Amino acid sequence: MKMVKNAVGRMVPTEINGEKVVPFMGVGKHRPTGKKHAPNISTAIDYPADGDKRAPSLKEALLKSGLKDGMVISTHHHLRNGDLVANQIFDIAAELGVKGLVWLPSASFPCHKDIIKHLESGVIHHIEGSMNGPLGRFTSEGKMQGTAVLRSHGGRYQAIQDGEVQIDIAVLAAPTADFFGNGHGLDGPSACGGLGYALADYQYAEKVIIVTDNLIKFPCIPMQIEGNYVDYVVEMDKIGIPELIVSGTTQITKSPDRLLIAELTAKFCDAAGLIQDGFSFQMGAGGTSLAIGIYFHQMLKERQIKARFAVGGSTQYSSKMLQDGCLEYMLDGQTFDLEAVRSMRENRLQHPAISIFHAYDYHSKGNFTTMMDVMILGATEVDVNFNGNVVTHSDGYMLHGIGGWQNCLFAKCTILPVPLFRNRIPIICDEVTTLVGPGELVDVIVTERGIAINPKRQDLIDKVKDSGLPLKTIEELKAEAERICGVPQKPEFTDKVIAAIKWVDGTIIDVVRQVKGS
Amino acid sequence: MTLIMKEHKVKTAYAGQHERADRSDCRIALSLKKSGGLDITVNSKVKLLFEKAIRKTLTDGLNVFSIKHADVTIDDNGAPDYVIMARLEACIKQLADTELLFLPEQLKQNMAKTCKDHMRRSRLYLPGNTPKLALNAGLHSGDGIILDLEDSVAPNRKDEARLLVRNSLRAVDFYGAERMVRINQGERGLKDLDAVIPQHANVILLPKCETPEQLIAVDERIQSLRKVHKIKNDVWIMPIIESAMGVIRAYDIASASPNVIALAIGLEDYTADIGAPRTKEGKETFYARSVVVNAAKACGLQAIDSVFSDISDMDALYENVCASKALGFDGMGCIHPRQIKVIHDAFAPTEKEIEKARKIVDAFKEAEKKGLGVVAVGSKMIDPPVVKRALRVMELAGKEV
């Protein structure tokens, strides 16, 4: 395999799974040209005039969609770890003797570990998406036939739009749907909130199958999925396990150390003048992020000011901010708990579902993300050049997907609140195991032992230098971590590339190699 | 040099813990043998990254004790070096009689001394045998941390805990918190001192103190250890009054040594001793608390209140601290880092108090400048103790004077 050095100094191949790929050229340097990819022209008269597109079973729908060897099958992760649909698709493919499929999930979860047997048997050739937990371990051990391709949520949209990946069949779970194929996630036993991530799939796939366990009479409103793009509707008993789809309630961290990180992050944002009337922010649903949100909420309340909008995962805490009038709009990409689902259902004007297209897509005419004032993200590792890793652990195993992480780096101030070490493993290192995000886009690292600001952000340094916050250089933080933990040895890899990490523009920013001895 | 093997029949020694929740700890099994060299098995959550380091630490340790032939198995959950070292030494000392030590590097900041009237509003209790709680303990801005060898350590773990606490005093950065150790009672407590005094502990907490003699015995051992180990820093003593007799002898205890810096009260044991259930209102302990405050103040010492055990109820904690402050207490124990801020907030002087103190301090400085012997605010004469209190208020409020 021919390897070249890309713009961040990583050796990457020029070909993945037999297709030519472009090495990362630098942020904003790669511009695909030409026309966007499009599925074949369809004609309304080929579809039932009574609007009833139901197929008797998923198997029937897949057969009617022309399922055959080598196809690209896409699915969506809004049912998260409670998803009962994706595994069934490949069980059916195995039963039919189909081989060499490409699975294109927007994310995978531990519930998808059964996919491993289809990777072993060759039903699936490789995965393009995210490989979390057991699938990641399997892939890291070099057991997948093809090479995995990891993309950000926005990168997935980009790849679908510019034709880098062409979906043959999209199978989308809809917690509520009608027979025409309109669907949403607000009601039904498997309610999950927004279905915003599925937009690219149903607009660009050759065939679209909607699977639901809550079929209602036409019309299904709101049309988070528009039936005009849908070929078949399949009704089944159960598409998901509710308690694994959304948690009853997301909870802020109880760990005093994580709370300290959250408090320092909030204080930093305040000292840097980021918390202002009309500001915007995005954060995840992890315990530390939620705690940061609570600190933001307190500040807004005390000062009687409002955040104009928040993007991303919604929770009971963001819903409370909406209710209190501390937040005007929650633009929701993912809905993480039942209270947030309720908020979206009852308050559609202030809490609408949006698509990744709006926030993250490289081929969109602008992104919401670049407008965001405060962006809170995580990382498994950060190096002294502020490069970040979210897919592999320091021991070399690939256990996470990219999610929207790369896309979010484009916000005005990107902050990574991370512990300085996890279980003796320093998070800040000389060189990240896998370079997923270039350091030029990472502004601030907040740890329980100090805050490091990227020297490129002199403006931020100037703003907080007299704040009394524990400001350190990233090298000082690294030294502190190594004093406590010791210097870890480097994991060893074979030469085999097991996964390619795509940048938001479709270029290869890094690869993951097989862990040696696995 | 050869080790003198203990006579008893133990063949394999164990130290440390390896349950899922025991992050930053490890369990070591050691058996000595006559030949065959060192056979080290490493099972670790961080094996891919730290196997070499773990092996080196174990080999270095066995070398210190001149052990050439042994089977060692470590089940590790991300323990830092100083923990592995303590666990290994604990194993060795079960099997052999030796005065040798296997010490981690001494952090400079852990040789710092503290003054007699160091702020002691909050002091965070850390179970002495639980390393995961110690690593980040100093980050929460408590005035002090207590490495506890007494009630939080199971009786059969006392020896290994002592070594772990000793190593923590050298190797864990507590970020400026005063480093205290609560020792055991009696002979075991004196053994604890042998381990921790050479490591620059700032304060020794003496639990269930009932007589001045107990305190003097501890003080004498401390002073002789200071001499032997050439420890220049003062080592302060904070006796904890936890019984009816202790309350009666509070003044005698407080005045038994110039090294006593505070009297603390422990109400769980005290209420058990007097046979009254402990209530939220605390009527049953009002007398004891007042006596302890009074005895402490009679000797110019700080008075430190008992811990508040409901870690989920911060409002009740705040009320409790305000009540303590009103009785004359200067500080309180904490059992969770989140309690520290609440305690500091409650002990902080009010705006009104600060304003008043500021006026007094300004007048005092003015008088000093002019060489006047008498301080006055307006037409009111100010006595020296009032100035002293005003200075303390400013200090508590973190204000410049």
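Two strands count as paired if DSSP finds at least two bridges between them. Keep that in mind for the exercises below, and remember that this is a predicted model.

**Exercise 1. In what order do the four strands of the open sheet in chain B stand, and which strands are at its edges?**

Step 1. Walk across the sheet from strand to strand: the order is E2-E3-E5-E4 in chain B, and the pairing is mixed.

Step 2. Now look for strands with a single partner. Those are E2 and E4 (38-44) of chain B, so each has one side without a neighbour in the sheet.

Step 3. Zoom in on one pair. E2(B) and E3(B), residues 26-32, run antiparallel to each other and share five bridges. Along this pair, Ala13(B) sits opposite Leu30(B) of E3(B).

Step 4. Check the twist: ignoring direction, neighbouring strands here are turned by 10 degrees against each other on average.

**Exercise 2. Which strands of chain B does helix H2(B) lie across, and at what angle does it run to E3(B)?**

Step 1. Find H2(B), which spans residues 81-95. This helix lies across E2 and E3 of chain B.

Step 2. Compare directions: H2(B) runs at about 35 degrees to E3(B).

**Exercise 3. Which element gives the most to the side of domain 1 of chain B that touches domain 2 of chain B?**

Step 1. Set the bounds. The domain assignment of chain B gives domain 1 (4-97), domain 2 (108-347) and domain 3 (351-396).

Step 2. Place the first two: the C-alpha centres of domain 1 and domain 2 of chain B are 32 Å apart. Their contact takes 14 residues from domain 1 of chain B and 10 residues from domain 2 of chain B.

Step 3. Pick out the elements on the domain 1 side. E2 (12-16) and H2 of chain B each supply at least two residues, and H2(B) gives the most, with eight residues.

Step 4. Sort that side by class: you get seven nonpolar, two polar and five charged residues.

**Exercise 4. Which residues have the most contacts inside the largest nonpolar core?**

Step 1. Go to the core, which has 282 residues; the ones with the most contacts inside it are Ile204(B), Leu263(B) and Val292(B).

Step 2. Ask who contributes. Our old friend H2 of chain B gives the most to this core, with 10 residues.

Step 3. Follow one residue. Leaving out residues up to four places away in sequence, Leu263(B) touches several others, among them Pro239(B), Ile241(B), Val292(B) and Ile304(B).

Definitions and conventions. Residues are numbered from 1 along each chain as its sequence is written. Chains are lettered from A and ligands numbered from 1 in the order in which they are written. This is a predicted model: local features need pLDDT of at least 70, side-chain atom pairs count only at pLDDT 80 or more; totals for chains, interfaces and linings use all residues. A nonpolar core is a set of buried Ala, Val, Leu, Ile, Met, Phe, Trp, Tyr and Cys residues joined through C-beta atoms within 7 Å. A residue is buried if 20 or more other C-beta atoms lie within 10 Å of its own, exposed if 12 or fewer, and partly exposed in between; C-beta atoms are placed from the backbone. Two residues are in contact if their C-beta atoms, placed from the backbone, lie within 7 Å. Domain bounds come from an automatic or database domain assignment. Ala, Val, Leu, Ile, Met, Phe, Trp, Tyr, Cys and Pro count as nonpolar, Asp, Glu, Lys and Arg as charged, and the others, Gly among them, as polar. Axes are lines fitted to C-alpha atoms, for helices over the stretch in contact, and angles run from 0 to 180 degrees between N-to-C directions.
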